[in-house]
Amino acid sequence: MSKLVRLLLGITVVSATAFPQSRPADVAERVARVEKGLLPRAAIAGQPVPRYAIEERMKTLRTPGVSVAVMHNGKIEWAKGYGVKRAGAAEPVDSTTLFQAASISKPVAAAAALRLVDNKRLTLDDDINSFLATWKVPDTTYTTREKVTLRRLLSHSAGLTVHGFPGYASSAPVPTTVQVLDGSKPANTAPVRVNVAPGTIWRYSGGGYTVMQLALSNVTGKQFPQLMRDLVLGPVGMKSSGYEQPLPQEKRHLAAVAHRGDGTPIAGDWHSYPEMAAAGLWTTPTDLLLFARAIQRSLAGEPNALLSPALARDFVTIQKGTYGLGVALEGEGATARFSHGGANAGYRCYFFAFTTHGDGIAIMTNSDNGSEIANEIARAVADVYGWNVMQTQMRQVVQMDAQKLRSLAGKYRITVGRDTIPLVMRMEGPVLFAEAAPLSRQPMRLYASAPDRLFSLESPAEFAVERDPAGGVTGLQVLNVGMPVRAVRLP
């Protein structure tokens, strides 16, 4: 690729050999600052921003184990584990401990699909059914004009159902891929079907990635774990990683046990996910950053890179919403980055890496509460390394009439699809708290940003109060949770 072409594509090329290497003393100092400097999502304007120690937050959030890796100047600068693999046991988490990557499985699987596009085995924009042999996406009235394509599968714009998967307990039978797609027993999710015209909206679909999983196996004639080793894990050097489900017996001793939000281990240690492309990767933060570096090298057009520069650019170009071909996209210029989070039963994880330079971070936890601490660690790392991203949001607070505040106390019901979520507002002295497990694992102290507009520092969820003409509270609009949600006031 010529220098001119790289400039036109917006690709910044920095040779790995040109990266300055940090001194051990400098790295140790940065690690110490991160460990004592976890930063909250938001803070009150005019007040000091609190900083937390990682051990303190793990205890508060009942998160037994955390693993972190940081990439700087194109190299894994440090990787470290904290806590234990199982609550109440002594075996520590270290940098080689395996975690379920959950939905971070998707970008890694997407790269395998793009390698097959590079090799002319798949195309991005033809009907995916032309590559499926053992099952087909059923036609509906929505597919008359527009078809399900690989590009749309990877960018969550194919109009397919099934957001995510709960996994299967160790004692439960596990379905085949086709049984998952058809929602037939022993599958525990609905059939994956098109119910929106493909290409019209962005809607997250683990079901779509399961369609892609089957297409890759049909095209290559290989089982999914093997093709992922051949196409991505092996070439990238992700030696600790694998898509085998369930986890092979010989690797069980390496794995961190999944934990619920109350700190108790999941029965059988973890769930299995036959929806491997969507949720089945076992890996480490270090291996995830090796993958991120492979994408950076592909963007730079380096020799023997994982993807061609053109497909790497597609990977990090918005296709729909804020999503590329397998990753969420944020920022611009020096802050442009690709990222993904993950949430399996008892695991939460997060990674991001920059598109124009060789920095990034990956964090994995073995708790349903892990998202909060993962984001706090990411903010601390970004602060220490001067990345100018994920900064603590400073919120203005207004004084809310005490009587209006007290009128909010009571019980509410949130309905999301088939799920019903109880929400409780309660007063403790002059302070209002909200409790709703899917929004926060702990009671959230609420502040007013405007009359009848409430927020917390612990969660992005905000509440807009609905009142009747007499001023009585009838419900709440729950904002910033990814979809329109209303909480109905209960008698």
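Guide: One definition before we start: helices (H or I, at least four residues) and strands (E, at least two) are DSSP runs, numbered from the N terminus. Keep in mind, too, that this is a predicted model.

Visitor: OK, then where is Asp452 found?
Guide: Look for two strands, β14 at 444-450 and β15 at 453-456. Asp452 is found in the loop between β14 and β15.

Visitor: And is Asp452 buried or exposed?
Guide: Buried means under 20% relative accessible area. Asp452 has a relative accessible area of 15%, so it counts as buried.

Visitor: What phi does Asp452 have?
Guide: As background, most residues other than glycine have a negative phi. Asp452 is not a glycine, yet its phi is positive, at about 65°.

Visitor: What phi does His156 have, then?
Guide: You'll find His156 in the loop between α5 (150-154) and α6. With 3% relative accessibility, it counts as buried. It isn't a glycine either, and its phi is positive, about 60°.

Visitor: Let's try a helix. How far apart are the end C-alpha atoms of α7?
Guide: Helix α7 has 15 residues, 206-220, and at 1.5 Å a residue they should span 21 Å. The model agrees with that, because the end C-alpha atoms are apart by 21 Å.

Visitor: How many of the residues of α7 are buried?
Guide: This helix is mostly covered. Out of its 15 residues, the number buried is 14.

Visitor: Which residue just after α7 takes a positive phi?
Guide: Step off the end of α7 and you meet a phi of about 75°. The residue that takes it is Gly221.

Visitor: How many residues of α12 are buried?
Guide: Helix α12 covers residues 370-385 and reaches 22 Å from its first C-alpha to its last, close to the 22 Å expected. Just after it, Gly386 takes a positive phi of about 65°. As for burial, α12 is largely enclosed by the rest of the structure, because the buried residues number 13 of the 16.

Visitor: Which way do α4 and α8 lie relative to each other?
Guide: Helix α4 (residues 105-118) packs with α8 with the axes 9 Å apart, at an angle of about 85°. Among the residues making the contact are Val108 and Leu116 of α4, and Phe224 and Leu231 of α8. Angles of 65 to 115 degrees count as roughly perpendicular. So α4 and α8 are, relative to each other, roughly perpendicular.

Visitor: How many aromatic pairs does the structure hold?
Guide: Rings of Phe, Tyr and Trp pair if their centres lie within 6.5 Å. On that basis, the number of aromatic pairs in the structure is 13.

Visitor: How many residues apart in sequence are the parts that Trp202 and Tyr323 tie together?
Guide: Those two form a tilted pair, 5.9 Å centre to centre with 45° between the planes. Trp202 lies in the loop between α6 (177-182) and α7, and Tyr323 in the loop between α11 (309-315) and β6 (328-330). Their pair therefore ties together parts whose distance apart in sequence, in residues, is 121.

Visitor: Which of those, Trp202 or Tyr323, is buried?
Guide: Trp202 is partly exposed, at a relative accessible area of 38%. At 3% relative accessibility, the residue that counts as buried is Tyr323.

Visitor: Which residues do ring pairs link into a cluster?
Guide: One pair to look at is Tyr350 with Phe352, tilted, at 6.0 Å centre to centre and 55° between the planes. Tyr350 counts as buried at 13%, and Phe352 is buried at 0%. The cluster linked by ring pairs is made of Tyr350, Phe352, Phe354, Tyr385 and Trp387.

Visitor: Which residue lies over the face of Phe352?
Guide: Elsewhere, the charged end of Arg57 sits over the ring of Tyr52, 4.7 Å from its centre. For Phe352, the distance to the ring centre is 5.8 Å, and the residue over its face is Arg337.

Visitor: What omega does the peptide bond from Lys185 to Pro186 have?
Guide: Generally, most peptide bonds are trans. Pro186 is in the loop between α6 and α7. The bond leading to Pro186 from Lys185 is cis, with omega near 10°.

Visitor: Which residue forms a cis peptide bond with Gln245?
Guide: Head for the loop between α8 (224-236) and α9 (276-279). The bond has omega near 0°, and the residue that follows Gln245 there is Pro246.

Technical notes:
Residues numbered from 1 in each chain as written. Predicted model: local features only at pLDDT ≥ 70, side-chain atom pairs only at ≥ 80, totals over all residues. Heavy atoms only, no water. Expected span 1.5 Å × (residues − 1). Buried < 20%, exposed > 50% of the residue type's maximum accessible area, 1.4 Å probe, protein only. Phe/Tyr/Trp six-rings, centres within 6.5 Å; stacked < 30°, edge-to-face > 60°. Lys NZ or Arg CZ within 6 Å of the ring centre and 35° of its normal. Axes fitted to C-alpha atoms, helices over the stretch in contact; angles between N-to-C directions. Parallel < 35°, antiparallel > 145°, perpendicular 65-115°, else oblique. Contact = heavy atoms within 4.5 Å.
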